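Here is a short tour of a protein chain, written to be read alongside the model. Take a look at the fold, and then let us walk through how its parts fit together.

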Amino acid sequence: MKAVVYRGPRQVTIENVPDPKIERPTDAIVRITSTNICGSDLHMYEGRTDFEQGRIFGHENLGVVQEVGPAVERIKPGDWVCLPFNISCGHCKNCERGLTAFCLSANQPGIAGGAFGFADMGPWPGGQAEYLRVPWADFMSLKLPPDAEQKQTDYVMCADIFPTGWHATELAGMRPGDAVVIYGSGPVGLMAAHSAMIKGARSVMVVDCHPDRLKLAESIGAIAIDYSKEDPVQRVMDLTHGMGADVGCECVGYQCHDPAPQRHENPNLTMNNLVSSVKFTGGIGVVGVFVPEDPGAQDELAKKGKIAFDWGKCWFKGQHIATGQCNVKAYNRQLRDLIHAGRAKPSFIVSHELKLDEAPDAYQHFDVREHGWTKVVLHPGG
Ligand SMILES: NC(=O)c1ccc[n+]([C@@H]2O[C@H](COP(=O)([O-])OP(=O)(O)OC[C@H]3O[C@@H](n4cnc5c(N)ncnc54)[C@H](O)[C@@H]3O)[C@@H](O)[C@H]2O)c1
Ligand SMILES: [Zn+2]
Ligand SMILES: [Zn+2]
């Protein structure tokens, strides 16, 4: 089959690789019809992780079941399914509690959590390919309703970014009526904004410096704050009578930077801005990725996975912070049902639907956050 293979910093190629096979009785093989490029792929694409050359990218996958192992009961060939980016067994201590992002069976001993095509998240190949092997397929697969094919650019967002955006608001402790500030208007920040709207926020403020992305935030009723033109903290204060937002979401991660075009990385920028723009006793949900080590960082602290954090201010304000990968299965059924009912439409962020062969070019455009490249969906098989 054809697959998108990582060949070193800013190099991906389309290669012929062996077709995946059923390896365990609980496996399924899914023919991929939609697979997204994610901001998380870019950390790996830029060589800012230890993702191994020769591995296949792709953790946001949707398709049709092709074949199932003898122990698979819930899904059968022909079913449309969306796969969580997390790989999880369903029976370990963490999975039983719903913490599927921290499955104890999907990675090497001592590390919780697995994912398709992801650095440090187990050996699993990704789904930017024609076929994907899905372990623990009964537990993993989210079955889709009859409008699956027609709405696949919506449903594919249930693999990662829609649940992740929702998770950011949950981690922050958002409640209906809250004023919510979101740093990052990439796909994840936009999904956090979409989630906050659906959950009944009284206002949603989204901070970024890319006009196309901010425009998308405005298109769903959020207030756009361009931090290349104004101080985002001051603007949030002005919009909340000097109190600060009730809750805040970090949807950027360790490569956050000073405004474009300089884009000088400044890894404490979003966290410290959040502490300043969220109210006393407010909550902060951090889904943007931070890493334990970042040898490619521009400053000494960041190389060791540390940031200069306004801890005193955070403590004085009595804020709480929650972090981590999203437990996709905790939300993906409800989000699927919101899409089916027409109450959610996460595909509003999709700018490009391309063939698998076009992935190398798409990675380049998306990586530089080129104007108009907000979210890429690849369709292997055309
Ligand atoms: N926790 C999870 O489960 C999970 C899942 C998916 C993605 N992620 C992570 O979420 C983050 C965002 O993903 P994405 O796909 O939206 O990525 P993205 O890189 O496309 O978007 C990030 C956006 O943040 C903006 N930004 C940069 N510095 C900023 C700053 N100082 N203030 C405000 N905005 C700033 C950029 O201009 C960009 O538009 C990434 O770190 C990704 O790895 C986490
Ligand atoms: Zn993703
Ligand atoms: Zn598990």
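A good place to start is the record: an unreviewed UniProt entry annotates residues 187-289 as "domain: Alcohol dehydrogenase-like C-terminal". In this model, which is predicted, the end C-alpha atoms of that span lie 14 Å apart. Helix makes up 37% of residues 187-289, and strand 24%.

How does the domain assignment divide the chain? It gives two domains, and domain 1 is written in two segments, 2-160 and 327-379, while domain 2 covers 161-323. Between the C-alpha centres of domain 1 and domain 2 there are 25 Å. Here is what each side brings to their contact:

| Domain | Residues in the contact |
|---|---|
| Domain 1 | 25 residues |
| Domain 2 | 24 residues |

On the domain 1 side, the elements that contribute two or more residues are helix 1 (39-45) and helix 12 (332-340). Sorted by class, this side of domain 1 holds 11 nonpolar, nine polar and five charged residues.

Now for the interior. In soluble globular proteins, nonpolar side chains tend to be buried together. The largest nonpolar core here has 114 residues, and both domain 1 and domain 2 supply at least three residues to this core. Which members touch the most others? They are Val 30, Cys 82, Val 180, Ile 182, Met 205 and Val 206.

Ile 182 makes a nice close-up. Leaving aside residues up to four places away in sequence, Ile 182 touches Gly 189, Ala 192 and Ala 193, then Val 204, Met 205, Val 206 and Val 207, and finally Cys 249 and Cys 251. Met 205 and Val 206 thus appear again, as contacts of Ile 182.

Notes
Residues are numbered from 1 along each chain as its sequence is written. Chains are lettered from A and ligands numbered from 1 in the order in which they are written. This is a predicted model: local features need pLDDT of at least 70, side-chain atom pairs count only at pLDDT 80 or more; totals for chains, interfaces and linings use all residues. Domain bounds come from an automatic or database domain assignment. Two residues are in contact if their C-beta atoms, placed from the backbone, lie within 7 Å. Helices (H or I, at least four residues) and strands (E, at least two) are DSSP runs, numbered from the N terminus. Ala, Val, Leu, Ile, Met, Phe, Trp, Tyr, Cys and Pro count as nonpolar, Asp, Glu, Lys and Arg as charged, and the others, Gly among them, as polar. A nonpolar core is a set of buried Ala, Val, Leu, Ile, Met, Phe, Trp, Tyr and Cys residues joined through C-beta atoms within 7 Å. A residue is buried if 20 or more other C-beta atoms lie within 10 Å of its own, exposed if 12 or fewer, and partly exposed in between; C-beta atoms are placed from the backbone. UniProt positions are given in the numbering used here, feature names are shortened, and annotations may be inferred rather than shown by experiment.
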